[in-house]
Structure formats: C-alpha cells, structure tokens
Amino acid sequence: MLRILPPRTVRRLAALLLLTAGALPVAPAAAADEPGWTAGPASGGTGARRPSFYLAGPAGAVLEDRLALANPGDRERTLTLRGADAAGSWISFGPAATVKLPPRTRAVVPFTVTVPPASPPGDRTAAVVAAEGGREAVVRVDLRVGGPAVAALTVEEVSVRGHGSATAVTYTLVNRGNVPLTPALALHTEGRLGGAADPRASRALPVELPPGRRLTLTEPWPGAPALDRVTLRLTATAPGAAPATATATAWFVPGGRGAAWAGAGLLLLAAGAPFLVRALRRGPPRAEPFPAEPPHAEPHERAGGPGETRAASATELTGAHR
C-alpha cells in the first residue's frame, strides 16, 4: 500500500540527501587528451631551435640533415616519413621511412637530399612530412643549388577580355631564371582617339614566382573605352631582373551589329585621318611637261688621235680625188 508522506517529512529527506551527496567522494574528471607527437628539425651543435631546414650545395651533391620526433604520450606511435613539394623527390629517409616511437620517447632520424647533377643553380623548396593516420606534420626545407644566381622575367600572352566595366587584361608571367621572384606590374594604355590613356604606376603583385614557373593573372580595367583602338603596354619588374615588356592591341566597338559597323567605320576613319590631312596639305598633283628633245648636232671634222672618231666628208665617201 502506497503511503503518502507529509510535506515536512519530504523536505527533511531532501535535505538529508543533499548532505549525503556532498559528503561522498567526487570521481575525478576524465583526463584530457594527451598531447600528440611532434616533428621538427633536430637541434644543431649549438642547441638552437630551428624553425625549418636549410641546405646548400652544388649540383650532384648529397646533403644531410636530421628530423627530431617526440612522443610524450602513453601509447606507441607509428610514423611514416617522406619528402614533398617541388624538390621532394630529392629527399630520402632510406630504411627509416617508417618509425615506431614508444611512449615518452624522442628519436632523431637522419635523411639525405640528393641534388641531381644537371640541376641549374638557384633556390628550391621542399618539405619533410611525418604522418600517422589522418594527421600530418610538415616541415619546410629550403634548398640552394650552388652557382651564379640568374633573375629573369618575361610577360607573355597579353589579351583583353570582356567589355564595359567588366573589361580585364589577362597576361602570363614566366620566371626564366633560377631564383624566386616577387614581381611588380605597370600598365599603360593609349587610344587611337586619344581618350583611353590610363597609366598605372608599378605596384607589387601578391605572388612569389618560383624558378621555371608560369603564372596567369588578370588585371581589372573598369575604365575601358566604349569606342576606340587601344594599344596596351605591360611592364613587369622584379629585384635583380631586367624589366620585361609586352604589348597588345584591342578594338572596342559598341554593341549591336549596326553600331559595331558604324564604330568600325569611325575607327578606320580615325586611323586614316592623318594620311588624309597630309595629302590635303600637299595639294593636288601638278602635271610636269615632258622635256624637249635636244637638237640634232651635226658632227664636225676635227683631227683626232687614237680612239677619237672623225666625221667622213662626202669626197671620202665617193672616193673622188681631191
């Protein structure tokens, strides 16, 4: 039989439960995840910590360095090591490409960088990657192949796309040297009708161009003319490199077939106007009289020496005696 307790008794029992709960020992919270493993350049002889690797040598050289691994946790880790990025194929860990790290253990793993014999001088980038499961630690490797540094930049494939406020200039920068470049660009436009001048001072581009790489960029041109024939000149510069210039020609005509034909006619007229003005200034061509035929000169008899011609008289022609 269910017995209903009076309210006072219920309040006393509740207070007793709260006191009992406060007196019981509280179970400790679950321990936070332990810090995972780490990877980075091993300290040099001075013990200084390095943020990345830097190696330098001539073509054909075999360079060496060491990767430090640490496992501060309570379970064993199995890490896979490899090279990555542009010159990542030059990096080798040999048989140490897979490393087992016991708990609370540090390890130093050597690796080599073999520079191909035909590598041109200059800077390269690569990386050392340590991975376990879905986690990776990437350490940058800066490489310098010995030899003279050559900075060379070209501008190619200049074209104009779009119309109106959506007009843009597309171009390609090519690093023809052996050192990374941080280019800057200046743009100058000149219209046939004189209304498209839009010089832009040189400004640094937010890119770094590695050796041998090509990069296609777009420069907005919201002030492009509606009707004109425009010559564009792009000049790219970079520290240590000679300025590179490329030109292109763009035709701008209004939309619609009739308007396009009219615009093309105006542009042709503008293109031929200087020649017409010069022709009008010269005036019509004047007829020149033919030179009169020189009078026929009769030969005169004169004594001549060797090599001279003497006119024959009528007596000599007929053979009569003098």
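At 47% relative accessibility, glutamate 136 comes out as partly exposed in this predicted model. Its salt-bridge partner is arginine 82, with the two side chains meeting at 3.2 Å, N to O. Arginine 82 is also partly exposed, at a relative accessible area of 38%. The contact reaches between distant parts of the chain, since arginine 82 sits in strand β4 and glutamate 136 in strand β9, 54 residues apart.

That pair belongs to a bigger set: searching the whole structure turns up ten salt bridges. Another of them brings together the side chains of arginine 77 and glutamate 132, at 3.3 Å from N to O. Arginine 77 belongs to strand β4 (residues 77-84) and glutamate 132 to strand β8, so this pair ties together parts that lie 55 residues apart in sequence. Here both partners, arginine 77 and glutamate 132, are buried. With buried defined as under 20% relative accessible area and partly exposed as 20% to 50%, the values of 38% for arginine 82 and 47% for glutamate 136 put that other pair in the partly exposed class.

A mixed case is the salt bridge between arginine 144 and aspartate 123, whose side chains meet at 2.6 Å, N to O. This one links strand β9, which holds arginine 144, to strand β8, which holds aspartate 123, and the two residues are 21 apart along the chain. Arginine 144 counts as partly exposed at 43% relative accessibility, whereas aspartate 123 is buried at 18%. Elsewhere, salt bridges with shared partners join Glu156, Glu157, Arg176 and Arg214 into one network.

Aspartate 123 turns up again in the pockets. The largest pocket has a volume of about 270 Å³ and a lining of 14 residues, with Asp123, Arg124, Thr125, Pro180 and Pro211 lying nearest its centre. Strands β8 (122-132) and β9 (135-145) each put at least two residues into that lining. It is β9 that gives the most, with four residues. As for chemistry, the lining of the largest pocket splits into seven charged, six nonpolar and one polar residue.

The second largest pocket has a volume of about 220 Å³. Its lining is made of 13 residues, and those nearest the centre are Ala39, Gly40, Pro41, Arg49 and Ala68. Two strands, β1 (38-41) and β3 (62-71), each supply at least two of the lining residues, and β1 has the largest share with four. The lining of this second pocket divides into seven nonpolar, three polar and three charged residues.

Both of those strands also show up in a sheet. Four strands make up this open sheet, in the order β1-β3-β7-β5, with antiparallel pairing. Strands β1 and β5 (91-92) are at the edges with a single partner strand each, so one side of each has no neighbour in the sheet. Further in, β3 and strand β7 (residues 105-114) run antiparallel and are joined by ten bridges. In one of these pairings, alanine 68 has valine 108 in β7 as its bridge partner. Alanine 68 is therefore a point where the two descriptions meet, as Ala68 is also among the residues nearest the centre of the second largest pocket. In general terms, the strands of a sheet pair through backbone hydrogen bonds, in either a parallel or an antiparallel way.

Note on methods: Residues are numbered from 1 along each chain as its sequence is written. This is a predicted model: local features need pLDDT of at least 70, side-chain atom pairs count only at pLDDT 80 or more; totals for chains, interfaces and linings use all residues. Side-chain values use heavy atoms; hydrogens and water are left out. On a 1 Å grid over the protein atoms alone, a cavity is a set of points where a 1.4 Å probe fits but cannot get out, and a pocket is an open set with protein on both sides within 12 Å along at least five of seven lines; lining residues have an atom within 4 Å of a point. Grid points are joined across faces, edges and corners, and a volume is the space filled by probe spheres set on the points. Ala, Val, Leu, Ile, Met, Phe, Trp, Tyr, Cys and Pro count as nonpolar, Asp, Glu, Lys and Arg as charged, and the others, Gly among them, as polar. A salt bridge is a side-chain nitrogen of Lys or Arg within 4 Å of a carboxyl oxygen of Asp or Glu. Buried means under 20% relative accessible area, exposed over 50%, partly exposed in between (1.4 Å probe, protein chains only). Two strands pair if DSSP finds at least two bridges between them.
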